[in-house]
Amino acid sequence: MSNEDITLTAGDAEVTVQPGNGGRVGGLRLGGVELLRQGERFGCFPMVPWCGRIRDGRFRDGATVHQMPRNAGPHAIHGTVRDGAWRTARTGADEAVLTYDLVAPWPYPGRVTQVVALAEDALTLTMSVETYASSFPAQIGWHPWFNRNLGGEGAQDVRIDFDPVWQEERGEDHLPTGNRIAPGPGPWDDCFGMPGGVDVTLTWPGRLELRVTSPEQWVVLYDEQAEAVCVEPQTGPPDGLNTLPRLVTPLEPLEASTTWRWRRL
């Protein structure tokens, strides 16, 4: 099937899926109000086969060291699949299934499958990474850019509420030092631990409440830009290919999901 944009609808919720632009969710509109920052690099993109930064773009798999393109200063950031065109495997009124075959510069063959499922009050994103060849370390995550303000007369900026158990101490290079510290106030470009599962609530006062959940225990919050805030559930911390690798094997794919559930206020 083609990689043209896909529109999903459920009630007054409408989602644009962009297979040709990194398999991202390009828009989420509720009653015509757009929740995601617009632009080619925004929306909500999948982070695979790693999340956040890899220190100096290098990761070790056994005795082999692999070098990824340093696209964030000295580091490599946010995986490779957001830069490629995905294939549409299946689509319906409220669900789309996309696939992406891993290619260079990623050194291992594998396939990523993403399911985008829309309901009247929720959007669920599910992703898996599988291989039929060599095993390899990987991570899965999502990087949504939620509009800080939904516009309209008297509109207020979004409020972020969550209760993490720890915060990864961030070094000057923006990577975790390996120490866990008590969660601190924003602004953030930080990774937090939520062992019971990611659970972050965004509230646009008087308008909307949106709850981001995931069975995973890691979430990065980024709110240093004026236009948007990011709540990024993921299967491990930044630089996790080196510090906390999750292995994809021919017998065991890596799988993750996140759900955004909303209600009007």
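The legends below describe an overall view and several close-up views of a predicted model of one protein chain.

**Figure 1. Overall view of the protein chain, which has 26 strands and one helix.** The radius of gyration is 18 Å, close to the 18 Å that the globule rule gives for 265 residues, so the chain is as compact as a globular protein of that length. Along the principal axes, the C-alpha atoms fill a box of roughly 60 × 45 × 30 Å. Of the 265 residues, 54% are buried. Among contacts between residues at least 6 apart in sequence, 62% join residues at least 24 apart. The chain exposes about 11,300 Å², and carbon and sulfur atoms supply 46% of that area. There are 23 positive and 35 negative side chains, and the centres of these two sets lie 2 Å apart.

**Figure 2. Close-up of Trp 260 in the largest nonpolar core.** This core has 62 residues, and Phe 146 and Trp 260 touch the most other members. Leaving aside neighbours within four places in sequence, Trp 260 is in contact with Phe 146 itself and with several leucines, namely Leu 28, Leu 36, Leu 123, Leu 125 and Leu 210. Its other contacts include Cys 44, Pro 144 and Val 212, along with the charged residues Asp 121 and Arg 211. A second, separate core has eight residues, among them Phe 45, Met 47, Ala 228 and Cys 230. In soluble globular proteins, nonpolar side chains tend to be buried together.

**Figure 3. Close-up of Leu 241 in helix α1.** Is Leu 241 buried or exposed? Leu 241 counts as buried because its relative accessibility is 2%, and the cut-off for buried is under 20%. Leaving aside neighbours within four places in sequence, Leu 241 is in contact with residues including Pro 49, Trp 50, Ile 54, Phe 59 and Trp 106. Pro 137, Ala 138 and Gln 139 are also among these contacts. Leu 241 and Arg 264 are 23 residues apart along the chain, and their C-alpha atoms are separated by 39 Å.

**Figure 4. Close-up of Pro 245 in the loop between α1 (240-243) and β25 (246-248).** At 47% relative accessibility, Pro 245 counts as partly exposed. Which residues does Pro 245 touch, not counting those up to four places away in sequence? They are Pro 137 and Gly 240. Pro 137 is also in contact with Leu 241. From Pro 245 to Gln 234 the C-alpha distance is 12 Å, and the two are eleven residues apart in sequence.

**Figure 5. Close-up of two cis peptide bonds, Val 48 to Pro 49 and Ala 104 to Pro 105.** Omega is about 0° for the bond that joins Val 48 and Pro 49. Pro 49 is found in the loop between β5 (44-47) and β6 (53-54), and Leu 241 of Figure 3 is in contact with Pro 49. For the bond that joins Ala 104 and Pro 105, omega is about 15°. Pro 105 is found in the loop between β11 (95-101) and β12 (111-119).

**Figure 6. Close-up of Asp 56 and His 174, each with a positive phi.** Asp 56 is not a glycine, and its phi is near 60°. It lies in the loop between β6 and β7 (58-61) and is partly exposed, with a relative accessible area of 26%. His 174, also not a glycine, has a phi of about 70°. This histidine is found in the loop between β18 (166-170) and β19 (176-181). At 27% relative accessibility, His 174 counts as partly exposed.

Methods. Residues numbered from 1 in each chain as written. Predicted model: local features only at pLDDT ≥ 70, side-chain atom pairs only at ≥ 80, totals over all residues. Heavy atoms only, no water. Helix = DSSP H or I, 4+ residues; strand = E, 2+ residues; numbered from the N terminus. Rg over C-alpha atoms; globule rule 2.2 N^0.38 Å. Buried < 20%, exposed > 50% of the residue type's maximum accessible area, 1.4 Å probe, protein only. Contact = heavy atoms within 4.5 Å. Areas by Shrake-Rupley, 256 points an atom, 1.4 Å probe, with all protein chains shown as cover. Lys, Arg positive; Asp, Glu negative; His and termini not counted. Charge placed at Lys NZ, Arg CZ, Asp CG, Glu CD. Core = buried A, V, L, I, M, F, W, Y, C linked by side-chain atoms within 4.5 Å.
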